[in-house]
Amino acid sequence: QQDVIDRKAAGLRVVDSRELQAALVELEKGIYAEAVVAQNNLQSTLTDVSNRAATIMLVVGVGPIVLIAGGVWLFWFRIGRRINSITTAMRELAAGRLDAEIPASRDWDEIGEMSKALLVFRDGLRANATLTTELAESSRLASLGAMVAGMAHELNTPIGNALAVASTLEDQCGTFKKDLSSERILRSTLERHASGLENASALILRNLVRAADQIGSFKQVA
């Protein structure tokens, strides 16, 4: 108390301790409020950073899965399925089915180039098959013509012989009629005519049998 009196006497300002205590309390409240706000801001920042980090980790983790799934889809649906179709077409062509459809022949990527090459190969097989058929038909007709010519030659000999004998037999029959119309005919003459008729008949029969055998062989070959 004396000190307060001396300070007042000296003209100095006297501070009330209660006022100072109240000011300190207000200052402490302000500092505490600022600390709470700072802590809240820090907690919010940390939460935001944590959320962003989780999002980044999710993106980083899901990204490869999406890329792998996209790669699988691209390989299977855009590449694998088309390659399987081309392989199936190649197997059909190898089996002789030249009407097989060539897929993806209008695409402009590498698989499309493969399809175009396979299309050219199929068209070549078709042209080769057509040419082979035409050559086989020509060869068959040529063989048939040669066979017919050979058969005609083989038939010409026996039929020609039979015609020659028949012509001679006709002349002999005319002579035989003249001999029969005469008043007297010798036995030797009858025997000569009978022998000639017998020989001529045998020759005609033998040559016609030969011709018939040749025609039977021709029919069997045909």
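How many helices and how many strands are there in the protein?

**Figure 1. Overview of the predicted model.** The protein contains 4 helices and 0 strands. Read from the N terminus on, its elements follow the order α-α-α-α. Of the 222 residues in the protein, 11% are buried. The exposed surface comes to about 17,400 Å², and carbon and sulfur atoms supply 62% of this area. Among contacts with a separation of 6 or more, 57% join residues that lie 24 or more positions apart.

**Figure 2. The largest nonpolar core.** This core has 7 residues in all: Ile86, Ala89, Leu93, Ala100, Ile102, Ile111 and Leu118. Helices α2 (17–94) and α3 (110–181) each supply at least two residues of the core. The largest share, 3 residues, comes from α2. In soluble globular proteins, nonpolar side chains tend to be buried together.

**Figure 3. Surroundings of Ile86, a member of the largest nonpolar core.** Neighbours within four places in sequence are left aside in this view. Beyond them, Ile86 is in contact with Pro103, Ile111, Met114, Ser115 and Leu118. Two of these partners, Ile111 and Leu118, also belong to the core.

**Figure 4. Surroundings of Arg122 in helix α3.** Is Arg122 buried or exposed? Arg122 counts as buried because its relative accessible area is 9%, and the cut-off for buried is under 20%. With neighbours within four places in sequence left aside, Arg122 is in contact with Leu93, Leu98, Ala100, Glu101 and Ile102. Among these partners, Leu93, Ala100 and Ile102 are part of the largest nonpolar core.

Definitions and conventions
Residues numbered from 1 in each chain as written. Predicted model: local features only at pLDDT ≥ 70, side-chain atom pairs only at ≥ 80, totals over all residues. Heavy atoms only, no water. Core = buried A, V, L, I, M, F, W, Y, C linked by side-chain atoms within 4.5 Å. Buried < 20%, exposed > 50% of the residue type's maximum accessible area, 1.4 Å probe, protein only. Contact = heavy atoms within 4.5 Å. Areas by Shrake-Rupley, 256 points an atom, 1.4 Å probe, with all protein chains shown as cover.
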